[in-house]
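Here are my notes on the model you asked me to look over. Please read them with the structure open beside you.

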Amino acid sequence: MTLTSSHGFTLESVDVAHGSVITVFARGRLSHQDYVDFIPQLEAAIAEQADERLRLVFDARELDGWEPQAAIDDLRLGLRHGRHVQRVALVTEARWLALLSSVVGLLMPGELRHFEDRASADAWIRA
């Protein structure tokens, strides 16, 4: 859900040959309230998935970062649902976020890859 024009989340889910892909768009500097509003939407989308393992595209090309509480919310979200993730395609040109994803990828049971363009991310997540 987009809360304002400057920050928040937007979520979409599409069916593909191997199940569904959930795409999350993040923009601006995320706040705790963004997570409070977003988590129920994400959990509803996850509950609708036919497969046990999720495929996610995280489009962070407009992400500026997290407020401290939002960063904790993000960590909690990852701990709660990380084991259900088969693949995550991170779309960003930001070097700091690509480096952060390398560390997070080591801790995830699923596969995480960084892409600078959405077309490549979509091709990999749907393979």
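The points below go from the whole chain to two of its helices.

1. This is a predicted model, and the points that follow should be read in that light. The chain contains 4 helices and 5 strands, which come along the sequence in the pattern β-β-α-β-α-β-α-β-α.

2. For 127 residues a compact globule would have a radius of gyration near 14 Å, and the 13 Å of this chain agrees with that. The C-alpha trace spans about 35 × 30 × 25 Å along its principal axes, and 43% of the residues count as buried. Among contacts with a separation of 6 or more, 72% are between residues 24 or more positions apart.

3. Helix α1 (residues 32-47) reaches 23 Å between its first and last C-alpha atoms, close to the 22 Å expected for its 16 residues. The helix nevertheless bends by about 35 degrees at Phe 38, with Pro 40 following within four residues. Phe 38 is also one of the buried residues of α1, which include Asp 34, Tyr 35 and Leu 42.

4. Helix α2 (residues 68-81) has 14 residues, which should span 20 Å, and its end C-alpha atoms are indeed 20 Å apart. Its buried residues are Ala 70, Asp 73, Leu 77 and His 81; seen down the helix axis they fall within an arc of 55 degrees, and therefore line one face. An α-helix has 3.6 residues a turn, so residues three or four places apart point the same way.

5. What do the buried residues of α2 pack against? Their partners are β2 (19-30), α1, β3 (54-66) and β4 (85-91), whereas on the other side of α2 Pro 68, Leu 75, Arg 76 and Leu 79 are exposed.

Note on methods
Residues numbered from 1 in each chain as written. Predicted model: local features only at pLDDT ≥ 70, side-chain atom pairs only at ≥ 80, totals over all residues. Heavy atoms only, no water. Helix = DSSP H or I, 4+ residues; strand = E, 2+ residues; numbered from the N terminus. Expected span 1.5 Å × (residues − 1). Bend = angle between axes of the 7 residues up to and from the residue. Buried < 20%, exposed > 50% of the residue type's maximum accessible area, 1.4 Å probe, protein only. Arc of directions from axis to C-beta. Contact = heavy atoms within 4.5 Å. Rg over C-alpha atoms; globule rule 2.2 N^0.38 Å.
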